Amino acid sequence: MGRIEKRRGAPDLFPRVRPRKLPWMKRWGWQGTVAVLLLAIGSRAQAGDWLELFDGHSLEGWRASENPATFRVEQGAIVAHGPRAHLYYVGRGPAEPEFKNFELEAEISAAPGANSGLYFHTAWQETGWPARGFEVQINHSAQPHQGYWELKKTGSLYGLRNVHKQLVADEEWFRLRIVVETPRVRVYVNDHWVVDYVEPEPPALPGHRPGRRLGQGTFALQGHDPASRVAFRRIRVRRLPDELPPGIQRPVADETWRRMIELGMANVPLVDFHAHLKGGLTLEEVLAHMRRTGMNYGLAANCGLGFAITNDAGAMAYLQTLRHTPVFVGLQAEGREWTRLFSASTVAQFDYVFTDAMTLFDARGRRTRLWLAEEVQIEDPQAFMDRLVDTIVHILDHEPIDFYANPTYLPDALASRYDALWTPERRRRVIEAAARNGVAIEINSRLELPKPDFIREAKAAGVKFTLGSNNPDRALVPHTYGLRMIRECGLSWQDFWMPRPDGSKPVQRRGWPR
């Protein structure tokens, strides 16, 4: 009775221990002692102590590649400013540091137009972009450079889960937090949770990035180019348990998954600018969908006669609920009266404005909503089409919008005759009006419009595109059609529209119709 007998095959945790030599056992008993020890072991397994990677005054523990002068310490921060180089954390001891699961925090400030990144699970290399590991992007406002415009914004898990809205102002210190619990990666920008990536099994590796898979490694700071200046301070990390987090299941990398990764790596902005909080759909549900799938969203308010928002006060109230979140905020202008209901100053505060021709005045002057069969009266389909095209061209010429939605939509009474009614001449008129006014065309996945011929012709004319879905209820619409059109029509990142900065929006550039 004075000895703990080891069961066959059990780990030898307490070999040949006599209770009289351990006085706390007399107080707690065997079960209490085991519980306390297991609690202590579990506490140590939850998370390690924080390790400061930067001492605040030197580059001790770091090693720079190819252009070491790119990195220096200024006012308590590591500054990256110069030709391409990467600063790898090599530790202060003889062994190379290796991190698998961890939580890392850093405070970062980026100058206007700067591009940089923070790598994890990487390894030292003398030159070039790190081939191994993952990059969390730092890019608030990078501009086109040598024919390339980096559209992946701060917080992106580069190429795998891209963020397309700027969340931090230039030269503002912000906190970047990265949590890796293999196979899961989470990224936070200040208080915004922007990435929730779970690596599939086997990993869906980009074709030209075979090193983009979770494993273990060190960290690296990026010096991107001489025009970029970024500062890092208060960099710290703590190790997390190696065990798989409970409740995490590896997803299946189906064709859609792989296609979205391919497009994300190719800098194509995967943003649905035509979504609504309808049918009980909440902002948090949209954000969770964004983090999980990599499809970004713009949430638009229906503004116009017959809708809940009909004036500036209503539009501003909607805008304020979403302004400081990771979604874009849009105004969907309903009907041809919208420019008389809202002021130019209010409209300019939205990230973007769009409309369609689904509300128009027919030949008898009746206000007609084309999606309501009881309001649609068509005596002569050809005359109806001519009037519809005239209306679309007038919208594109005179209404200060960013993109035209639900393109080439026809009411149910004519939908079966789409190919015959949307003649090359009618397509040409719409495309030329969009091109001369700088208005993008939406590729709508719910309606599966416009058709490939229209998209190819618009691309040839220099028209930009957006992705949209116009969800009718709580369920967000898959973008199967949009992704297919990108491939079939040969669209690249250069063919896509993105929201314009303040001062160059259509309402500011083209003026307000009177």
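Okay, let's start with helix α3 and what it packs against: the buried residues of α3 sit against β11 (192-198) and β15 (296-303). Keep in mind that this is a predicted model. The helix covers residues 283-293, and its buried positions are V286, L287, H289, M290 and R291. So which way do neighbouring turns of a helix face? With 3.6 residues a turn in an α-helix, residues three or four places apart point the same way. If you follow the chain just past the end of α3, you hit G294, which takes a positive phi of about 90 degrees.

Let me zoom out for a second. The protein chain has 514 residues, and 52% of them count as buried. DSSP-wise there are 13 helices and 22 strands. The C-alpha atoms fill a box of roughly 100 × 60 × 45 Å along the principal axes. And if you take contacts between residues at least 6 apart in sequence, 71% of them join residues at least 24 apart.

Now, the cores. Which residues touch the most other members of the largest nonpolar core? Those are L388, L396 and W422, out of 87 residues in that core. The helix that gives the most to this core is α7, residues 381-398, with eight residues. There is also a second, separate core, this one of 47 residues, and L53, V163, V187 and V195 are among them. As general background, nonpolar side chains in soluble globular proteins tend to be buried together.

Stay with W422 for a moment. Skipping its neighbours within four places in sequence, W422 is in contact with M385, L388, V389 and I392, then T408 and L410, and finally R427 and V430.

Those last two, R427 and V430, take us to a helix pair. Helix α10 is residues 424-437 and α11 is residues 452-460; they pack at an angle of about 45 degrees with their axes 10 Å apart. That angle is why we call α10 oblique to α11. The crossing is right-handed. Who makes the contact? On the α10 side you have R427, V430 and I431, and on the α11 side D453, F454, E457 and A458. By type, that contact divides into four nonpolar, no polar and three charged residues.

Just upstream of α11, in the loop that starts from β21 (440-444), is E448. E448 isn't a glycine, yet it has a positive phi of about 55 degrees. At 37% relative accessibility, E448 counts as partly exposed.

The other helix pair I wanted to show is α2 with α12. Here α2 is residues 255-265 and α12 is residues 480-488, and they pack at about 55 degrees with the axes 11 Å apart. That makes α2 oblique to α12. What is the hand of this crossing, left or right? α2 passes α12 in a left-handed crossing. From α2 we have E255, T256, R259, M260, E262 and L263, and they meet L483, I486 and R487 of α12. Sorted by type, the residues of this contact come out as four nonpolar, one polar and four charged.

Okay, on to the loops. Have a look at K100, in the loop between β5 (85-89) and β6 (102-110). Is K100 buried, exposed or something in between? Its relative accessibility is 28%, so it counts as partly exposed. Apart from neighbours within four places, K100 is in contact with H121, V180, T182, G215, Q216 and D242. For H121, which is 21 residues away along the chain, the C-alpha separation from K100 is 7.1 Å.

T182, one of those K100 contacts, also brings us to the backbone oddities. The peptide bond from T182 to P183 is cis, with omega near 15 degrees. P183 itself is in the loop between β9 (174-181) and β10 (184-189). Another cis bond joins E201 and P202, with omega about 0 degrees. You'll find P202 in the loop between β11 and β12 (218-223), and β11 is the strand we began with, packed against by the buried residues of α3.

Last stop, Q75. Q75 is in the loop between β3 (71-74) and β4 (77-81). Although not a glycine, Q75 has a positive phi of about 50 degrees. At 87% relative accessibility, Q75 counts as exposed.

That's my tour, happy to go back to any of it.

How values were computed
Residues numbered from 1 in each chain as written. Predicted model: local features only at pLDDT ≥ 70, side-chain atom pairs only at ≥ 80, totals over all residues. Heavy atoms only, no water. Core = buried A, V, L, I, M, F, W, Y, C linked by side-chain atoms within 4.5 Å. Buried < 20%, exposed > 50% of the residue type's maximum accessible area, 1.4 Å probe, protein only. Helix = DSSP H or I, 4+ residues; strand = E, 2+ residues; numbered from the N terminus. Contact = heavy atoms within 4.5 Å. Axes fitted to C-alpha atoms, helices over the stretch in contact; angles between N-to-C directions. Parallel < 35°, antiparallel > 145°, perpendicular 65-115°, else oblique. Left-handed = near helix turned anticlockwise from the far one by under 90°. Nonpolar A, V, L, I, M, F, W, Y, C, P; charged D, E, K, R; others polar.
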